[in-house]
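Here is a walk through one protein model, starting from a pair of strands and working outwards. Keep the viewer open as you read.

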Amino acid sequence: MSQAHVIGGGLAGLAAALSLTQAGRQVTVYEAGPALGGRCRSYYDRGLECRIDNGNHLLLSGNVAAMAYLEQIGATATMGGPGVSMFPFVDLAGGERWVIRPSPGRVPLWLMQRSRRVPGAGLGEYLSLLSLGRVSDDASVADVLDDGRALYRRLLEPLAVAALNTPPSAALARLLRPVVEETLMKGGAACVPMFPRQGLSESMIDPAVTWLAARGASVQAGRRIAQMVIADERIVALEGPDGPIAVGAQDVVVMAVPSWVASALLPGLVVPEEYQAILNVHFKVPAHGDGAVRQAGFLGVIGGTAEWIFLKPGVVSVTVSAANRLIDESAEVLADRVWQDVTQALNLTRPMPPVRVVKERRATFAATAEQEERRPGPRTDLRNLALAGDWTATGLPATIEGAIRSGRAAASVFGA
Ligand SMILES: Cc1cc2nc3c(=O)[nH]c(=O)nc-3n(C[C@H](O)[C@H](O)[C@H](O)COP(=O)(O)OP(=O)(O)OC[C@H]3O[C@@H](n4cnc5c(N)ncnc54)[C@H](O)[C@@H]3O)c2cc1C
């Protein structure tokens with residue numbers, strides 16, 4: 001049986017491995033790290049004495065590839081969330097609170113009900129979303145949507161920053177378009193927020209590894225591929241930690257590593273080279289929130305350093321995206337600043353509990369016009385090599401949905 005070698009065990013590599021295995025290939029996944037999952041993983045934190053995720057990850061029910069992936073690995077039931085489309089927010093400036101509740105169908109009936117909309121935003125403001133459908137190639141999110149009004153500040157800006165992980169003045173509007181079209185524009189049924197009940201690894205990674213192993217695939221952690229040997233326009237060997245791994249004449253290779261590793265393994269490959277950080281601050285404190293926050297399990301924050309607060313069992317986890325501006329601040333300063341927002345947002349009165357600040361410096365490529373130009377498709381000039389990763393040309397920003405689609409696209413290069 002011809003083999004498929006998948007380099008990189010993040011979501012893109014795992015999605016490729018699922019498709020290749022399903023298509024009847026004998027698959028081996030080589031992952032450099034001690035565990036699978038890459039930028040989407042859980043681990044035991046010794047300081048906090050509990051398991052945490054590297055960062056909070058939110059999916060929406062309209063993320064069709066992610067939903068199909070969860071279904072395939074039998075992990076749909078491991079995902080939690082409110083079960084309906086709802087997004088609670090607080091504006092720290094005036095303390096105002098509201099819950100956006102899109103109605104299920106495509107017709108946006110919810111816009112007719114003031115209580116389900118963004119306070120202070122007129123109905124006409126929602127029409128600005130339609131302008132995303134006709135953006136020029138290099139228009140930024142701010143160019144297209146920032147009219148200085150409430151809808152932008154209280155919904156569209158936080159949505160764009162979370163999805164594109166890039167400041168709106170530089171973020172490419174045409175990368176936001178498919179996100180909005182596949183979720184908000186489809187109505188509430190496509191906007192149900194979801195996140196793992198337990199942890200990212202328990203939902204998105206471990207079940208995939210189990211699925212692959214049950215079908216004869218070999219998934220190997222701690223196996224960094226240092227080099228790819230090329231001859232006659234194909235990969236003929238991979239340099240593993242224990243020496244060369246032969247790549248047979250009928251074998252195929254999917255390279256699903258981060259962009260900076262990809263360009264080192266395949267010299268001459270043009271890839272995105274600017275990144276944006278994501279900051280996650282995990283506080284070890286039980287908090288359940290009230291009303292809508294308790295039901296949703298998270299809260300959007302306007303006007304603070306904190307952007308999204310997630311209530312996990314025993315831990316409050318805060319996400320700050322497009323965080324290059326903050327990344328060189330000390331962990332103490334960041335924790336202090338974010339804790340102030342948390343106490344105000346959740347009405348807590350207590351000193352700061354044990355905290356872990358996780359800085360993912362290269363969380364995603366910067367979703368700018370320049371970087372978009374540098375995203376390659378899955379096909380390469382080498383006959384048996386395909387590329388995957390959230391940084392490849394998926395038409396989406398760097399997200400779980402994009403990573404999974406990229407893995408499927410790479411597998412399809414070889415008929416899977
Ligand atoms: C903090 C944070 C929060 C996020 N929040 C969200 C969110 O809310 N919603 C969302 O949709 N997305 C979110 N994302 C983005 C999402 O996590 C990524 O898009 C996705 O995980 C990328 O998967 P990938 O497989 O493309 O890359 P990676 O996860 O980077 O996988 C690449 C793998 O290759 C391995 N590797 C590297 N070099 C080698 C080598 N030489 N040999 C073998 N293996 C190698 C790496 O160890 C890694 O496991 C977030 C990301 C971060 C960092």
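## A hairpin to start with

Strand 12 (234-240) and strand 13 (residues 243-246) run antiparallel to each other, paired over 4 bridges. The turn is a hairpin, with 2 residues linking strand 12 to strand 13. Across the pair, leucine 238 faces isoleucine 245 of strand 13. A word on terms: helices (H or I, at least four residues) and strands (E, at least two) are DSSP runs numbered from the N terminus, and two strands pair if DSSP finds at least two bridges between them.

Before going further, note that this is a predicted model: local features need pLDDT of at least 70, side-chain atom pairs count only at pLDDT 80 or more, and totals for chains, interfaces and linings use all residues. Residue numbers start from 1 along each chain as its sequence is written.

## Two residues with positive phi

Just ahead of strand 12 sits glutamate 233, in the loop that follows strand 11 (227-231). Its phi is near 60°, a positive value in a residue other than glycine. As background, most residues other than glycine have a negative phi. Glutamate 233 counts as exposed because it has 11 C-beta neighbours inside 10 Å. The cut-offs go like this: 20 or more other C-beta atoms within 10 Å of a residue's own makes it buried, 12 or fewer makes it exposed, and anything in between is partly exposed, with C-beta atoms placed from the backbone.

Asparagine 347 is another non-glycine with a positive phi, at about 55°. Look for asparagine 347 in the loop between helix 9 (331-346) and strand 19. With 12 other C-beta atoms within 10 Å, asparagine 347 is exposed. Helix 9 also holds glutamate 332, which is exposed, with 11 other C-beta atoms within 10 Å. From glutamate 332 to valine 355 is 23 residues in sequence and 9.2 Å in space, C-alpha to C-alpha.

## A three-stranded sheet

Elsewhere, 3 strands make an open antiparallel sheet in the order 5-9-6. Its edges are strand 5 (59-60) and strand 6 (79-80), each pairing on one side only. Strand 6 meets strand 9 (residues 193-196) in the antiparallel sense over 2 bridges, and methionine 79 is placed opposite proline 196 in strand 9.

## Domains

The protein chain splits into domain 1 (3-34 + 221-271 + 368-413), domain 2 (43-63 + 75-82 + 275-365) and domain 3 (103-190); these bounds come from an automatic or database domain assignment. The centres of domain 1 and domain 3, taken over C-alpha atoms, are 33 Å apart. Their contact involves 8 residues from domain 1 and 11 residues from domain 3. Here, being in contact means that the C-beta atoms of two residues, placed from the backbone, lie within 7 Å.

On the domain 1 side of that contact there are 4 nonpolar, 3 polar and 1 charged residues. The classes work as follows: Ala, Val, Leu, Ile, Met, Phe, Trp, Tyr, Cys and Pro are nonpolar, Asp, Glu, Lys and Arg are charged, and the others, Gly among them, are polar.

## Around the ligand

Which residues come nearest to the ligand? Of the 36 around it, they are Gly8, Gly10, Gly38, Gly55 and Thr399, where "near" means a C-beta atom, placed from the backbone, within 6 Å. By class, this shell has 17 nonpolar, 13 polar and 6 charged residues.

Helix 1 (11-22), strand 15 (275-283), strand 19 (355-365) and helix 11 (400-413) each give the shell at least two residues. Domain 1 and domain 2 each contribute at least three.

## The loop before helix 11

Leucine 396 and alanine 398 share a setting: leucine 396 is in the loop between strand 20 (385-387) and helix 11, and alanine 398 lies between strand 20 and helix 11 too. Leucine 396 counts as buried, with 24 C-beta neighbours inside 10 Å; alanine 398 is buried with 30.

Leaving aside neighbours within four places in sequence, leucine 396 is in contact with residues including Leu175, Pro178 and Arg405. On the same basis, alanine 398 is in contact with Asn165, Thr364, Phe365, Asp390 and Trp391. Alanine 398 and asparagine 165 are 233 residues apart along the chain, yet their C-alpha atoms are separated by 8.2 Å.
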